[in-house]
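Work through the exercises below with the structure open. Each task is followed by a stepwise solution.

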Amino acid sequence: MRVLFQCLLILSVHFSFSQNYSYHTIPAELMENADAVARLDEIDIRIEAMDKMTYTEKKVVTVLNKSGDAFARTRAFYDKEKKIKKIEAVVYDASGNEIQRIKRRDFNDIAAVDGFSLYLDDRLLYYRYVPVQYPYTLEFSYEVETSDTGILPPWYFLSGYDISVEESRYAISYVSNGLKPIIEESNLVDITVEKDESQGKISYMAKNIPALTAESLSPSFTAICPKLSVRLPNFHYKGFDAKVDNWNDLGLWIQTELLSGRTTLEDATIQKVRGLVEGVDDDIEKAKIVYQYMQDNTRYISVQIGIGGFQPISAIEVDRVKYGDCKGLSNYTMALLKAVGVESYYTVVEAGGTKVDFKEDFADLSQGNHAIVAIPYQGEYYWIDCTSQVHPFGFIGDFTDDRKVLIVKPGGGEIVTTTSYVNEENLMRMNSTYTIQEDLSLEADVTIETMGVRYDNHFGLEGNKREDVMEYYKNFWGNINGLSITDFSFENNKDDVVFTEKVQLKAHDFVSKNGDDYLLTLNVLDNSSFIPPRYRNRKHSFVIQRGYLDEDEFTIQLPKNFAFTFLPEKYKEETKFGTYEVEVVKKSDTELLYKRKFLIKKGNYPKEEYNKYRSFRRTIAKMDNQKIVLKRQDL
Amino acid sequence: MIRKIALLIALVSVCVQGQELKFGKISKEELMEATHPKDTSAAAAYLLKKRESYYTYNSAVGLNLVTEVHERIKIYNADGFDYATKTIDLYESGASDEKATSIKGYTYTLEGGKVVETKLDKGSIFKSQQSKNRNQVKFTMPNVKAGSVVEYQYRITSPFVQNIDEFVFQHSIPIKKLEAEMRILEYFKFNQRQKGFLPLVPKVDKIRDAGLGMEVTKVTYGLQDVPALKDEKFVPNITNFRSGVTFEIMSLEIPGSTYDVYSKTWDDVARTVYENSSFGDEMKRSNYFEEELNMVLQGASEPQEKAKRILAFVKEKVKWNSFVGYTSDEGTRKAYKEGTGNSADINLMLVSMLNHANIPAYPVLVSTRDNGIPLFPTLQGYNYVVAVGKIDGEYHLFDATNVFTTMDVLPTRTLNWFGRIISENGNSEEIDLMPRKSSMDAIIMTVDLNDDGSVDAKCRQQYTNHNALLFRNLYNGGTEETFLGNLEKELGDIEISDYDLQNNLDLDKPVVQNFNFFKEDAFESISGKLYLSPMFHLAVSENPFKSEEREYPIDYGFPWQDRYMITINIPEGYKVEHLPEPVAMALPDNLGQFKYNISSNQDFINVRVELSMNTAVFPPNYYLGLKEFYRQVVEKESEKVVLSRI
């Protein structure tokens, strides 16, 4: 009897040990490169009706150091349709002993802020736990009930870089076949996943996923992370029902439920825009006038209430207050275009510097974060972003370029790719004449022309204050010590989308004296010192999203009393990533012509190529820093 | 006599009327103005910024503080659109809350020579509860275009009669006309304190308030053409320099009631704080820690050693929850038990422990860098507390909110001009919070030049005081891999190996890192000669000061000294053809120094460089000197050593 009792005791000790979250039981491979380890990451979703979904989420995270705190957030969002039924957190020390229990009443109820909206109706419950030691483990669980089934929580088997996962579980159950979800799996080949499907339930489980480390130029985290995207073909959202098999259906739903009837305008406004385009026949010319009118008369203000996250405020209201968010301004512009007889389509896009495509075979509401307008013309589309007061007509820059988007036509939705700006189109042409004075100072006149996304990066200078522009150039040419900007002027050619900067600058002691040698750096104006960081063992492929071209020609005037001893040879390197060419031509004893051409090409490259790319950039950094030796002649 | 007075009044009122900008009365000139006449770069300007605060009394609700605001803003261009949106923050506590009412607004725009007015719609005014104690009212004006004038007014009614928001007289856009009025009951003794660089002369009158039926003091400010406040680098908190006036109620003298002193002089501030039970009383408690502390102090006899152990003990026992305050949140006892607390819980505990160990110790009121400089004696002037202990007749500062602080090495947030030591019975004195001890960054480096232009080097780097504190915070914030990855990037794409860190947790000693590194393309070879920058990546390559002039002090936080000793081994077959000239220079009043020494023999080149700033803060009149000083540093450090073949 006594023996048995001891046995039980050992068993129970063992049992409680595996139940709790001692830091010591984490496998070594999960500690590598990890700031935190998700001991258990679990969601259980129940679709009870087209307009009723409940889910329970539980996250148990062992935080190893301060950077890992971000993975142990205790917060849950809610809104009018979404209620938080339960919420709780428990904190354990390194050995897995409970040290604090956080109840619902301890959570703060606050308004959500996105940093740019005037008003949002989303709220959240949150608690800020203060770690008293590392490592610690935080268990956070909550239950949600909502009538919105239009956006289902996606499942990330890894929640970010620098976190590993011991166990990840996803389960979704549904009460009838009509409510069966469609699940798209991404990047699951990289991990070991057990999938189980039975009547009314689908579940996934993965164990021991090591942490990923962020690498420069890698595809975005969402593109490489193992995840599940989930949608219901029959759903309910903020009071609206929908049946969606494909993008055509979803587009039609947006058209009929959210957009139709919202392009009405006051007669006075219609007359006004018609007046503006009087005598103009061409649709694109009319659209340009309308776009300019919209840019001059409105501004971007975001207000998001209920379905307003998807539905634009009516054109008549935007016309009255002269502001709106991306949806409201797009819809308003479409109304103005309609008034002058130009056809246009509402377009939903995932905007941002990183290109993200809409998934062609997976139509759901969670994709897209921005709205723009497509104008069909002679078999192609012109794209306009109505939230900008300054962009040229038809130019969308690197915010929405070259990606698959949803255009909403009266007959339904379509997936189309927006205008791309790649390689040679992203040109920066720099021409300069610079003179080295006898006192070794530099005086230069520089002309910079930019096109494509280079235009997008430069044309904003025009609106800046004089002192900010001065500061900008001092940073742009931060490599020139003692630089002062004498003058500058700009020309913004919106029709051809070319921005021209003319700058006059000076720098004293530009040529450095080293014994009897005077060193002159040939190219200080457009010098590419960027070298991608080195990785001992690169894990991911790399992406050059757009590519670009630099074309430079500098005429260098030397003072009469100096002579150069030799000139570098012409150099050219062609790689799959691009081409680099540099040449210095002697024009006379005191005049040199420096020519440089540098092309980087858009592309996706396997990780094995990374070191080659790096060495290409190293060569360029080195060649761009070439110097010549000058000798004084009058001594 | 009577005639004379009448004339005077008439004159003044004419003058006032002639200038008064009435709500809704917009002139075409205001709409047509294309740029601000005195500041053409301004994206918008206040044409009028008017605020009146006064008290009302009503037997049902009692005393209220009412603030009426009227603002008229000219929007010159699209960058000024942000000024068409207004946010009003309101406080709520229990059943009492501040309310914003009578919100009224119009936008005026010139269209085809005609003035078009657009009314702010009630439905476009959003009220939201931000958190338990904070509400917000927000609106944006309709029909705003470049050239528009927006105008709005509103009233805030507050039951928190002692809390009078600062009258802000300067913004990031210019103000053409500013009117401010504060009317305070005769029962309230108040302080009014000014800050900023504008000359502010108030007009003070005693008048009878018809609504209250009693005497009030009326303080008015009228300003014309207030310039915009411009942000600059190395200014930790620009609002320190923003002009404004604060009113603080010092005491309430209602006949027959008790007399409460709130604040008046620094001593009064100190006494008020001291008498607050979550301050003074918290320091008197000691029974909760006595037993454990006595264990910790066993065997320690020197005060310095005791203080060190106490600091370590508090840091281990209680972690900072990142809330600031000079009064205890939940009490030191609870903080001790639960292991977390705000700055007061932690540092008041520290004070009482030091006293318990017979080290005379006091709390020091501090205004953190975010909170601005405490220019005048008010309770709001301070928001943080640290501890001071008298050891061998000298004051030393302590702060246990950060794990890596040591005696007199406090977190950057506390390095903000002067603090105030509060001793028993509320006496007080000023203490300089700016560190005197220099923080060192010392590097010893040996470099080998390889044939292909790369270098292999050994580096030993040592940090003291604040540099050590900053380093330890950084290093211990994440994994060593991340730290090294960042270090490699920061040092200009080097490859680090054999990394070793000493004294990471031994706070008495400087923290020391040793590593080897490899760097590609570290020097140049041009027609048989080698050109190298003898400081490699340690050279200052860019002047941090770019503006032509500066209005505000340059604040480094603490004095510092960088000392580099570099040995470069000369590759076989080469000799030194040229070395840069040694140089030494100093800033006026010896506030900064730069020494550059270089020498060589057959086998190696020796470089010794010292760059130091001997003060934490430079007044703005040193700016141009500092900029030129740095230009010369950059120039010197970019000079090259030339090696040629033997």
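**Exercise 1. Divide chain A into its domains and describe where domain 1 meets domain 2.**

Solution.
- Step 1: Set the bounds. In this predicted model, chain A splits into domain 1 (21–230), domain 2 (244–417) and domain 3 (423–632).
- Step 2: Place the centres. The C-alpha centres of domain 1 and domain 2 of chain A are 35 Å apart.
- Step 3: Count the contacts, using C-beta atoms within 7 Å as the cut-off. In chain A, 13 residues of domain 1 touch 11 residues of domain 2.
- Step 4: Find the main contributor. Strand β7 (residues 117–120) of chain A supplies 4 residues, the largest share of the domain 1 side.
- Step 5: Sort that side by type. The domain 1 side that touches domain 2 in chain A holds 6 nonpolar, 4 polar and 3 charged residues.

**Exercise 2. Characterise chain A as a whole.**

Solution.
- Step 1: Count the elements. Chain A has 12 helices and 37 strands.
- Step 2: Take the extent. Along the principal axes, the C-alpha atoms of chain A fill a box of roughly 110 × 80 × 40 Å.
- Step 3: Assess burial. Of the 635 residues in chain A, 36% are buried.
- Step 4: Look at contact range. Take the contacts in chain A with a separation of 6 or more: 73% of them join residues 24 or more positions apart.

**Exercise 3. Which strands pair with β26 of chain A, and in which sense?**

Solution.
- Step 1: Recall the two options. Strands of a sheet pair through backbone hydrogen bonds, either parallel or antiparallel.
- Step 2: Take the parallel partner. Strand β26 (residues 427–436) of chain A runs parallel to strand β32 (residues 542–557) of chain A, over 9 bridges. A:Y434 sits opposite A:I556 in β32(A).
- Step 3: Take the antiparallel partner. β26(A) also pairs with strand β27 (residues 442–450) of chain A, in the antiparallel sense and over 9 bridges. Here A:T433 faces A:D445 in β27(A).
- Step 4: Inspect the turn. β26(A) and β27(A) make a hairpin with 5 residues between them. In that turn, A:L440 has a positive phi of about 75 degrees.

**Exercise 4. Trace the open sheet of 8 strands in chain B and explain its edges.**

Solution.
- Step 1: Write the order. The strands of chain B run β6-β5-β9-β2-β1-β11-β14-β13, with mixed pairing.
- Step 2: Identify the edges. β6 (114–119) and β13 (203–209) of chain B each have a single partner strand, so one side of each lacks a neighbour in the sheet.
- Step 3: Add the twist. From one strand to the next, the twist averages 15 degrees.
- Step 4: Check one pair. Strand β2 (residues 62–75) and strand β9 (residues 149–158) of chain B are antiparallel over 10 bridges. B:L65 has B:S158 in β9(B) as its bridge partner.

**Exercise 5. Compare the UniProt features with the modelled secondary structure.**

Solution.
- Step 1: Start with chain B. An unreviewed UniProt entry places "domain: DUF3857" at residues 66–164 of chain B. Residues 66–164 of chain B are 0% helix and 65% strand, with end C-alpha atoms 10 Å apart.
- Step 2: Turn to chain A. UniProt, again in an unreviewed entry, lists "domain: Transglutaminase-like" at residues 273–377 of chain A. Residues 273–377 of chain A are 38% helix and 19% strand, and the end C-alpha atoms lie 20 Å apart.

**Exercise 6. How many residues does each chain bring to the A–B contact?**

Solution.
- Step 1: Count both sides. Chain A brings 46 residues and chain B brings 48.
- Step 2: Sort the chain A side. The chain A side that touches chain B comprises 16 nonpolar, 14 polar and 16 charged residues.

Definitions and conventions
Residues are numbered from 1 along each chain as its sequence is written. Chains are lettered from A and ligands numbered from 1 in the order in which they are written. This is a predicted model: local features need pLDDT of at least 70, side-chain atom pairs count only at pLDDT 80 or more; totals for chains, interfaces and linings use all residues. Two residues are in contact if their C-beta atoms, placed from the backbone, lie within 7 Å. Ala, Val, Leu, Ile, Met, Phe, Trp, Tyr, Cys and Pro count as nonpolar, Asp, Glu, Lys and Arg as charged, and the others, Gly among them, as polar. Domain bounds come from an automatic or database domain assignment. Helices (H or I, at least four residues) and strands (E, at least two) are DSSP runs, numbered from the N terminus. A residue is buried if 20 or more other C-beta atoms lie within 10 Å of its own, exposed if 12 or fewer, and partly exposed in between; C-beta atoms are placed from the backbone. Two strands pair if DSSP finds at least two bridges between them. UniProt positions are given in the numbering used here, feature names are shortened, and annotations may be inferred rather than shown by experiment. Axes are lines fitted to C-alpha atoms, for helices over the stretch in contact, and angles run from 0 to 180 degrees between N-to-C directions.
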